[in-house]
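Work through the following exercises on the pockets and the surface of one protein model, taking each solution step by step.

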Amino acid sequence: NRLGLRDKDTFSCLWVLDFPLLEYNEEEGRYFAMHHPFTAPQNLSAESLRANPTATLAKAYDIVINGYEIGGGSIRIHQPQMQKTVFELLGIGEGEAKDKFGFLLDALEYGCPPHGGIALGIDRLAMLLTSSSSIRDVIAFPKTQSAACLLTNAPASVGQTQLSELGIRLAPNKGG
């Protein structure tokens, strides 16, 4: 838009592929999943992944229209050994993995088939189809810049009764 190269009457679409699977954080001295810890690597060898984690590409994808990300997704890991390898590289131990993701690990052991998906941003697509310059023009109940909702007055305070029912205790306000 800035350079006047885009034809406002056409839609330019592209798929973004070949994302890195993992990223190494020098400060924390560990790997992080670029998409999520269940994204399958393009190379299905756990040994290859261990040998060069940051060179491994993910089975992940985004669809972009006129420079806006409209959706993204991935193919999930469906092999127990590969999931275990990814967890190890991310610093997620066997006990923590079982506590947090035991249901998934059990499903993988029973032979879960390859699976994946995509999440589309219908609001972004509506913005493009209506030639709006802001996504706020097409969202039914847009938030303000400070994430407040003018329609519902959210976020709102919660009463002590509800906090007690939920077992939540608020920390004292240190800001005054």
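**Exercise 1.** Determine which helix gives the most to the lining of the second largest pocket, and then describe that lining by class.

*Solution.* In this predicted model, the helix to look for is α4, spanning residues 122-129, which gives three residues to the lining of the second largest pocket. The space in this pocket comes to about 240 Å³. Of its 14 lining residues, Arg6, Lys8, Asn66, Leu128 and Ser131 are the closest to the centre. Sorting the lining of the second largest pocket by class then gives five nonpolar, six polar and three charged residues.

**Exercise 2.** Find which elements give two or more residues to the lining of the largest pocket, and state the class make-up of that lining.

*Solution.* Begin with the volume, since about 280 Å³ of space lies in the largest pocket. The elements that meet the criterion of two or more lining residues are α2 (80-89) and α3 (94-109). Of these, α3 supplies the largest share, with seven residues. The lining of the largest pocket consists of 14 residues, and those nearest its centre are Pro80, Lys84, Glu94, Ala97 and Leu105. By class, this lining holds six nonpolar, two polar and six charged residues.

**Exercise 3.** Identify the residues that make a nonpolar surface patch of about 540 Å², and place Leu120 in its strand.

*Solution.* The patch is made by Trp15, Leu17, Ile118, Leu120 and Ile122, each of which has over 30% relative accessible area. As for Leu120, this residue belongs to strand β6, which covers residues 116-120.

Methods
Residues numbered from 1 in each chain as written. Predicted model: local features only at pLDDT ≥ 70, side-chain atom pairs only at ≥ 80, totals over all residues. Heavy atoms only, no water. 1 Å grid on protein atoms, 1.4 Å probe; cavity = no way out; pocket = protein on both sides within 12 Å on 5 of 7 lines; lining within 4 Å. Points joined across faces, edges and corners; volume = space filled by probe spheres on them. Helix = DSSP H or I, 4+ residues; strand = E, 2+ residues; numbered from the N terminus. Nonpolar A, V, L, I, M, F, W, Y, C, P; charged D, E, K, R; others polar. Patch = residues over 30% accessible without salt bridge, like charges linked within 9 Å, V, L, I, M, F, W, Y side chains within 5 Å. Areas by Shrake-Rupley, 256 points an atom, 1.4 Å probe, with all protein chains shown as cover. Salt bridge = Lys/Arg side-chain N within 4 Å of Asp/Glu carboxyl O.
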